[in-house]
Amino acid sequence: MTFHSEIILVAEDQVLVRMAAVDMLADHGFEVWEAGGADEVLAVLQQRGAEIGVLFTDIQMPGSIDGLQLAHRVRRSWPRIGLLITSGKTLPRSAELPGGSRFLSKAYDLNQMMTQVRELMPAA
Amino acid sequence: MRSNRGACVLMLRLRLAFREPPLFQEGQAMAAHTQPQTDIGLSLVLAVIASSGAPLLLLDGELLVIAASASFCRTFRIDPATVAGRRLFELGAGEWNVPQLHSLLAATAAGHAEIEAYEMDLRRAGQEPRRLVLNAQKLAYDNEDNIRLLLTVADVTDARNAESLRLEMVREKDDLLRDKAVLLQELQHRIANSLQIIASVLLQSARRVQSDETRSHLHEAHQRVMSVAALQRQLSASSLDDVRLRPYFVELCQSIGASMIRDHDKLKLEAFGDDSTARADVSVSLGLIVTELVINALKHAFPDDRGGKINVGYLSHGANWTLSVDDNGIGMPETTDQAKSGLGTSIIKALAGQLHARIEIRDTNPGTSISIIHTETGILAVKSAAAPAVAAI
């Protein structure tokens, strides 16, 4: 098993979906932190933003902003962090996604999610 | 004297002459007409007003009614006998006594204004108000002392009601369409989330169990859910009810490959096809058949990490179509043991039956080709010459 120095932050309010993603990433050697909404993510990033390699976030989540707005804010303030965005709703137009981010439609395959996260991980 | 047309026309002694304004200067017309001509002109004017299909009133400078058309009396339920020589504001039960109309008509009579499309509600006891549009003009006329006003009154209540009803219906339809789109998106969102939960739980179970056989079953179950999820993604990405099959199968193969093929350099899984589309219910069956056939090929055709390829193809011609899954693996076992046929086989048979399609299995040496064939005329005999080794699942 390989170990990665950078942390994956998974933001998903649906706990079973989040658990599956977190387990999958952890089993592949990643350190994974969890959040149930955008506000939690921002709080984590304010403290430890430099340690996060990839943010994997759902769009529809409770909180002051949704996952898409969160992704834009992360792109502006922490441009190094890789962004993987998911939603059960229609694919946003590419113009609505932050530059360099990727979109994964729900219901996504956890193996495909793994592949995307690996590719989005910033070069060491 | 009443009009012999039965209209409520009051004839007063008028020294009225009609002229065409552009042709004569003020004052010349009188000289050009004799008394008998004036009477003829008056009779003509009154007859025109009487027979007019539109509610019309001819008023004098004091706003006394000189003539009213039959349609005015009928529309506003005024007894023709009561019209003669009365002031407009005394007509009926006083419902025409509207101060603003009074001032407008007075201003028109004085030549200060002209009433164009003035709107008012006519309110009568025990009746719904009627919306009226009024036009009044001072007639160009030779005698400054005898002022004449022509007042036309259009009742637009019904037309306005019909128009507002139509607009309301258009608005309601737009609202319903918008609600439907929002509901549909919400529904798709929920389906996607539900499928995500089911798939995630199945995959987590697969990763935690000890038994290889159970793990394999759970992986297959996960893959079946993912094949439905792939269809759901196709449906939510397009506004159509039909599914474009090639992109669907391509995505499906990527999904199956991602979870079930370890070495993508050795084993290739690809989808080909024409630009066919199919209804969502047909597409989900086709997708599940592809899933089962590909899982079957992955399980049995390439033992001991053997390399090779699996091709998924779909071609249609009119209502006829063929779905095929070909591999270049080790081929079929010599005998088919029906008793051992698994869930996958049952699923394929059931879905092919539902689609009125037959199943053909060919030993292509190397490998196996399985086709699901639908022909419009039903299940026909296979041309034996073209299919030397056909077996049925």
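Colleague: Good to see this one! Which side chain of chain B does Asp23(A) meet in a salt bridge?
Modeller: Bear in mind that this is a predicted model. A salt bridge needs a side-chain nitrogen of Lys or Arg within 4 Å of a carboxyl oxygen of Asp or Glu. Asp23(A) has its partner at 2.4 Å, N to O, and that partner is Arg208(B).

Colleague: And how many salt bridges does the rule find across the interface of chain A and chain B?
Modeller: The pair Asp23(A) and Arg208(B) meets in a salt bridge. Taking the whole interface of chain A and chain B, the rule's count of salt bridges is two.

Colleague: How many residue pairs are in polar contact across that interface of chain A and chain B?
Modeller: The count takes pairs in which both residues have pLDDT 80 or more. On that basis, the number of residue pairs in polar contact between chain A and chain B is seven.

Colleague: Which helix of chain A gives the largest share of the side that touches chain B?
Modeller: Two helices of chain A each supply at least two residues of that side: helix 1 and helix 4, the latter spanning 110-120. The largest share is seven residues, and they come from helix 1 of chain A.

Colleague: What area is buried between chain A and chain B?
Modeller: On the contact count, 21 residues of chain A touch 27 residues of chain B. Carbon and sulfur atoms give 53% of the buried area, which in total is about 2100 Å².

Colleague: Let me turn to the surface. Which helix gives the most to the nonpolar patch?
Modeller: The patch is formed by Val15(A), Leu16(A), Met19(A) and Val201(B), with about 290 Å² of accessible area together. Three of its residues come from one element, residues 15-27 of chain A, which is helix 1.

Colleague: Is Met19(A) buried, partly exposed or exposed?
Modeller: Met19(A) sits in helix 1 of chain A. Buried means under 20% relative accessible area and exposed means over 50%. Because its relative accessibility is 36%, Met19(A) counts as partly exposed.

Colleague: What about Arg233(B), is it buried or exposed?
Modeller: Arg233(B) belongs to helix 6 of chain B, residues 212-237. The cut-off for buried is under 20% relative accessible area. Arg233(B) has 8%, so it counts as buried.

Colleague: With which side chain does the side chain of Arg233(B) make a polar contact?
Modeller: Beyond four places in sequence, Arg233(B) is in contact with Ser105(A), Lys106(A), Ala107(A) and Tyr108(A) in chain A, and with Met226(B) and Glu251(B) in chain B. The side-chain polar contact, at 2.4 Å, is with Glu251(B).

Colleague: What pattern does chain A follow along the sequence?
Modeller: Chain A has four helices and five strands. Of its 124 residues, 57% count as buried. Read along the sequence, the helices and strands of chain A give β-α-β-α-β-α-β-β-α.

Colleague: In chain A, what percentage of contacts between residues at least 6 apart join residues at least 24 apart?
Modeller: The count starts from contacts in chain A whose residues lie at least 6 apart in sequence. Those that join residues at least 24 apart come to 65%.

Colleague: Last one, how much area does chain B expose?
Modeller: Chain B holds nine helices and 13 strands. Buried residues make up 40% of its 393 residues. Carbon and sulfur atoms supply 54% of the area that chain B exposes, and that area is about 21700 Å².

Conventions: Residues numbered from 1 in each chain as written. Chains lettered and ligands numbered in written order. Predicted model: local features only at pLDDT ≥ 70, side-chain atom pairs only at ≥ 80, totals over all residues. Heavy atoms only, no water. Patch = residues over 30% accessible without salt bridge, like charges linked within 9 Å, V, L, I, M, F, W, Y side chains within 5 Å. Areas by Shrake-Rupley, 256 points an atom, 1.4 Å probe, with all protein chains shown as cover. Buried < 20%, exposed > 50% of the residue type's maximum accessible area, 1.4 Å probe, protein only. Contact = heavy atoms within 4.5 Å. Buried area = accessible area lost by both parts, 1.4 Å probe. Polar contact = N/O pair within 3.5 Å; in protein donor to acceptor, adjacent residues only side chain to side chain.
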